[in-house]
Amino acid sequence: MVHRNPSASSEAARFARSKLPEVGTTIFTVMSRRAHELGALNLGQGFPDYDIDPRLATLVAAAMTAGHNQYAPMEGLMSLRQGIAAKLARSYRIAIDPETQVTVTLGATEAIYSAIQAVVGPGDEAIAFDPAYDSYEPAVRLAGARCIRLPLMPPDFVYDWERVRACIGERTRLVIVNSPHNPACTMLSRTDLDRLAEAIDGRDILVLSDEVYEHVVFDGRAHATVLDHPELAGRSFAVFSFGKTLHATGLRVGYAVAPPELTRELRKVHQFNTFSIANPLQHAIAAYLAEKPDIGADLAAFFQAKRDRLRGALAGGAFQLPPAQGTYFQLLDFGALAPPGDVAFAERLLTEAGVATIPLSPFYERAPALTVVRLCIAKRDATLDAAAARLAKFAERLT
Ligand SMILES: Cc1ncc(COP(=O)(O)O)c(C=O)c1O
């Protein structure tokens, strides 16, 4: 039997002064839960609904059977870090030292968190760009620093580098960029990276570059990484995710790549944050990388076909489809059907059309009036077709 102390919860509320008072459950979790409850097709949260490569599952089982079930090394299994360095060499022709520059983390989320905790503190400022992935600002604030949110300029979500320059000051310690960009589906060009380098030149400012969608790039584009940029490489953390690259977001294995001095600081946080990452998973991914050193190479064609399938199915209807240069996502513009208000429209899509989407407002500090929601394309063709049919029918009802 459970004895309850009636005054306990009110006392707890008094003592638990929230460090993030306005933060609730993320929109991704909320939408997935509601999609499940309502039986809606879930094009909201960014995760695949198709099977992973069975070979990866076999390797995970084999790693556990072989007894790799105790703590892995804090910085990551050497064979996996070597595989990551080889993969970076193949993708970008860069030489990364697996010993001093690669740290295996609990998804890219932990890499982002640990990097931020390692380098920003009270009195510092970090710059992020809206719409911004939702983990950046809380991590900055938990480090005691302030997050300055600069907008990417509509309708194409372009960077205003003059504004960035104007915003940089004595307190600026970190600039956080994300390319390919979730949720804008845009990419930083090499020129953007040059402008970023110019903006922080001569100052004690670091860069955190979220590159989890590095391979999901469309129409022949090439991903521009900070790791091969002559000025940025020496002052950047780049973060990556095997969840995205292996179509298995539940693996929760990612990595951070940075110069040795920054890696050393990141590991100081990592070792007290997660300490080390699931050992059998690291063995399995290392073995998988050894068998398929080209992982990632087919992702562009795979996801481009999905993007084109969804776009094709919705073409000619009342929804507009802004260009998507990369990522797991495609934006859907409902401006011809309803007034601005993406949260309200996402709710209608969920309850009336039976399709879960993600509004963009939660990615903003101060959201403008928006007529776009985000659709995830990392879904089976049948899911995409069914969702497109539901969306088209709903659009017809509205017109
Ligand atoms: C832009 C961006 N960064 C980071 C992450 C987190 O990656 P992980 O699942 O490996 O923690 C995501 C996941 O959706 C993302 O979209």
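A residue counts as near a molecule here if one of its heavy atoms lies within 4 Å of it. By that yardstick 13 residues surround the ligand, and Thr-109, Asp-210, Tyr-213, Ser-241 and Lys-244 come nearest. The model is a predicted one, so local features need pLDDT of at least 70 and side-chain atom pairs count only at pLDDT 80 or more, while totals for chains, interfaces and linings use all residues. Residues are numbered from 1 along each chain as its sequence is written, and side-chain values use heavy atoms, with hydrogens and water left out.

Sorted by class, the shell holds 5 nonpolar, 5 polar and 3 charged residues (Ala, Val, Leu, Ile, Met, Phe, Trp, Tyr, Cys and Pro are nonpolar; Asp, Glu, Lys and Arg are charged; the others, Gly among them, are polar). Helix H6, residues 107–119, gives the most to this shell, with 4 residues; helices are DSSP runs of H or I with at least four residues, strands are E runs of at least two, and both are numbered from the N terminus.

Polar contacts are pairs of N or O atoms within 3.5 Å. The side chain of Ser-241 puts an N or O atom 2.7 Å from a ligand oxygen, and the side chain of Tyr-213 does so at 2.8 Å. A polar side-chain atom of Arg-252 also lies 2.8 Å from an oxygen of the ligand. On its own the ligand has 390 Å² of accessible area, and the protein covers 92% of that (Shrake-Rupley method, 1.4 Å probe).

Elsewhere, 3 strands make an open antiparallel sheet in the order E9-E12-E11, where pairing takes at least two DSSP bridges. E9 (329–333) and E11 (358–359) stand at the edges with a single partner strand each, so one side of each lacks a neighbour in the sheet.

Technical notes: A polar contact is a pair of N or O atoms within 3.5 Å; within protein, one must be able to donate a hydrogen and the other to accept it, and residues adjacent in sequence count only if both atoms are side-chain atoms.
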